[in-house]
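Welcome, and please open your viewer. We will go from the inside of the model to its outside, one selection at a time.

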Amino acid sequence: MDRQSRSGGTWAQMRSYPRSVQLLMVNQFSINLGFYMLMPYLAAHLSGTVGLAGWAVGLVLGIRNFSQQGMFLVGGTLADRLGYKPLIIAGLMLRIVGFATLGLVDALPALLAASAATGLAGALFNPAVRAYLAADAGERRVEAFGLFNIFYQAGILLGPLVGMVLTGVDFRVACLVSAGIFALLSVVQIRSLPARRANDAPTTKGSGQRDGVLSQWRTIVANRPFLLFSVAMIGFYVMQFQVYLALPLEVRRLGGDGTSGTAAVAMLFAVSGLSTILFQTKVTAWCKARMEPGRALAWGLLTMGVAFVPLLVPTAVPAPEGGVGLWLLAAVPPALSALLLAVGTMIAYPFEMDTIVRLSGDRLVATHYGLYNTICGVGITLGNLLTGASLDAARAAGVSALPWIAFCALGLACAAALYGLHRTGRLAPPVRETRPESVSA
């Protein structure tokens with residue numbers, strides 16, 4: 001990277017990458033914009049306008065997550081075998097159908113099908129996008145994924161604001177606008193995104209034929225360092241998700257459900273998103289200049305564990321009966337926690353994405369991303385179930401500090417696990433076997 005790219009802002013650094021990388025970053029911003037302008041308001045639409053029972057609303061929302069997490073491995077495998085571009089476009093087109101259907105139908109079977117389609121869409125394009133970005137960014141993968149996180153978070157930050165305006169008119173308008181964004185993205189990808197295929201698909205020795213899917217999966221499952229890394233990183237995603245689960249619940253518990261509580265919750269998301277947009281590139285550059293990837297990952301997870309310490313303050317001091325004091329107690333510790341979680345994510349995320357590529361040995365990268373997402377997705381689901389249960393149980397037992405102490409311990413344990421993997425050399429790239437490749441993939 002030239003000096004101007006190193007010292008310039010986000011746009012200057014972005015322009016220093018190939019056009020395909022630039023397009024993938026804008027693509028991810030638009031994907032998150034379209035997704036988050038709709039999904040935060042879907043439950044209210046289903047229970048209010050459509051009139052579904054609570055169990056049905058949960059089923060519609062749950063089927064999206066299940067179809068996405070369950071199909072990540074398949075999506076990554078297809079991307080490695082068919083090429084990255086077709087899977088990106090297929091995912092975008094599925095989102096068009098899914099989001100338009102969510103706004104236009106009321107029948108539960110159709111809503112379930114639409115929700116499943118939106119989840120499958122994510123499973124198709126997410127591994128392909130990350131593998132494509134890693135391939136075309138080359139040796140600058142870490143910096144590229146840092147920039148990618150900025151666009152990712154910007155979409156999350158702006159999406160709900162746009163959605164709030166559109167759903168104020170009509171939820172169907174939000175659905176159709178979101179579908180329109182994905183339609184526009186599809187056209188842009190078809191016209192402008194260069195075709196990119198994995199050039200590392202393994203072949204059966206001496207035959208010139210690709211290994212079968214099951215053989216490739218067995219190879220990945222036998223990659224013990226990759227599996228250990230994936231399990232160790234579950235805590236990263238469980239802690240990161242608390243910006244959307246435990247922190248808003250804590251704000252509501254202390255500040256109530258009124259306007260002040262809503263403002264405090266909004267501040268959580270603003271702090272998390274804006275800090276990433278403003279500081280991600282600086283944090284990435286600082287860490288890369290001073291740390292090996294394994295150490296950066298450990299420090300990131302440790303920072304995320306420490307992020308829950310401010311939440312111990314409201315459990316240790318008497319809560320004011322009302323006024324500004326109560327609002328500050330409800331808003332400031334969770335906001336500080338959200339900021340530290342964002343800092344930890346900024347430290348770890350670029351090295352996390354790079355480590356997956358290195359542990360794959362630059363082979364079947366999308367498939368590795370797919371399995372990694374599935375493992376972490378299952379961990380998030382279980383972690384959120386335990387989080388919700390522990391919050392209720394701790395408050396009922398009068399030990400409201402216990403969940404935050406548990407999260408601190410989780411961050412420390414995951415940081416120690418990652419540091420151990422780093423010290424024992426398990427995060428280093430595997431020694432790649434030399435084997436004849438008679439057919440280019």
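One term will help before you start: a nonpolar core is a set of buried Ala, Val, Leu, Ile, Met, Phe, Trp, Tyr and Cys residues joined through side-chain atoms within 4.5 Å. Keep in mind that this is a predicted model.

**The whole chain.** Begin with a cartoon view: the protein chain has 19 helices and zero strands. Its radius of gyration is 22 Å, close to the 22 Å that the globule rule gives for 441 residues, so the chain is as compact as a globular protein of that length. The C-alpha trace spans about 75 × 50 × 45 Å along its principal axes. Of the 441 residues, 51% count as buried.

**The core.** Next, select Met-25, Ile-88, Phe-229, Leu-301 and Tyr-369. Within the largest nonpolar core, which holds 115 residues, these five touch the most other members. Now colour helix α17 (residues 323–360), which gives this core its largest share, 13 residues.

**Around Met-25.** Which residues is Met-25 in contact with, leaving aside neighbours within four places in sequence? Show Met-14, Leu-133, Ala-144, Leu-147, Phe-148 and Phe-151 to see them.

**Out to the surface.** Switch to a surface view: the protein chain exposes about 18700 Å², and carbon and sulfur atoms supply 67% of that area. Then select Leu-158, Leu-161 and Met-164, which make a nonpolar surface patch of about 280 Å². Leu-158 belongs to helix α8 (residues 141–169). Is Leu-158 buried or partly exposed? Its relative accessibility is 36%, so Leu-158 counts as partly exposed.

Conventions. Residues are numbered from 1 along each chain as its sequence is written. This is a predicted model: local features need pLDDT of at least 70, side-chain atom pairs count only at pLDDT 80 or more; totals for chains, interfaces and linings use all residues. Side-chain values use heavy atoms; hydrogens and water are left out. Patches are made of residues with over 30% relative accessible area and no salt bridge: like charges are joined within 9 Å, nonpolar side chains (Val, Leu, Ile, Met, Phe, Trp, Tyr) within 5 Å. Accessible areas come from the Shrake-Rupley method with a 1.4 Å probe; for residues, only the protein chains shown count as cover. A salt bridge is a side-chain nitrogen of Lys or Arg within 4 Å of a carboxyl oxygen of Asp or Glu. Helices (H or I, at least four residues) and strands (E, at least two) are DSSP runs, numbered from the N terminus. Buried means under 20% relative accessible area, exposed over 50%, partly exposed in between (1.4 Å probe, protein chains only). Contact means heavy atoms within 4.5 Å. The radius of gyration is taken over C-alpha atoms; the globule rule is 2.2 Å times the number of residues to the power 0.38.
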